[in-house]
Amino acid sequence: MTEAAPFNSSTAFCAKCGSILPLMEEFGTVECYTCKSVYDPVAFGNIKFNYTIHFNAISSINTDNVLNLDNPEGPVVERKCPKCGNDKMSYATLQLRSADEGQTVFYTCISCKYKETENS
Ligand SMILES: [Zn+2]
Ligand SMILES: [Zn+2]
């Protein structure tokens with residue numbers, strides 16, 4: 001392991017964009033808020049202990065944008081299921097591409113769980 005870690009003893013900076021990295025979870029990766037580079041906690045090595053001191057400052061990492069397609073609990077809209085004819089489907093949106101290219105809407109039949117997607 002000869003690659004120099006991009007961190008000093010007290011503060012971690014993103015190696016790509018130079019932003020200060022968020023504090024790490026105990027078991028998990030750290031994602032740069034600015035450029036979305038993801039760092040494995042192993043990269044922090046022996047400075048990990050320093051970070052546990054400030055752990056409470058960032059106890060919650062936002063995972064709301066992670067869509068779980070197997071657990072469709074989104075809002076329900078009136079939309080006819082093409083498979084079973086039920087007229088209620090739940091939907092969730094996911095930004096799959098860059099921000100200016102719209103988003104994909106996932107519809108899930110609340111009756112038979114049939115899924116379909118629609119690009120907006
Ligand atoms: Zn960065
Ligand atoms: Zn259905």
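Strands, as I shall use the word, are DSSP runs of E with at least two residues, numbered from the N terminus. With that settled, let me turn to the model before us, which is a predicted one.

I begin with the overall arrangement. The protein chain contains six strands and one helix. Read from the N terminus, the order of these elements is β-β-α-β-β-β-β. Of the 120 residues in the protein chain, 11% are buried. As for contacts with a separation of 6 or more, 29% of those in the protein chain are between residues 24 or more positions apart.

I now come to the backbone, and to two lysines in particular. As background, most residues other than glycine have a negative phi.

Consider K113. This residue is found in the loop that connects strand 5 (104–109) with strand 6 (115–119). K113 is not a glycine, yet its phi is positive, at about 70 degrees. How exposed is K113? There are 13 other C-beta atoms within 10 Å, and K113 is therefore classed as partly exposed; the exposed class requires 12 or fewer.

The second case is K36, whose loop lies between strand 1 (30–31) and strand 2 (38–39). Here too a residue that is not a glycine has a positive phi, of about 70 degrees. Is K36 buried or exposed? K36 is exposed, because 10 other C-beta atoms lie within 10 Å.

To summarise the two sites: K36 has a positive phi and is exposed, while K113 has a positive phi and is partly exposed.

Key. Residues are numbered from 1 along each chain as its sequence is written. Chains are lettered from A and ligands numbered from 1 in the order in which they are written. This is a predicted model: local features need pLDDT of at least 70, side-chain atom pairs count only at pLDDT 80 or more; totals for chains, interfaces and linings use all residues. Helices (H or I, at least four residues) and strands (E, at least two) are DSSP runs, numbered from the N terminus. A residue is buried if 20 or more other C-beta atoms lie within 10 Å of its own, exposed if 12 or fewer, and partly exposed in between; C-beta atoms are placed from the backbone. Two residues are in contact if their C-beta atoms, placed from the backbone, lie within 7 Å.
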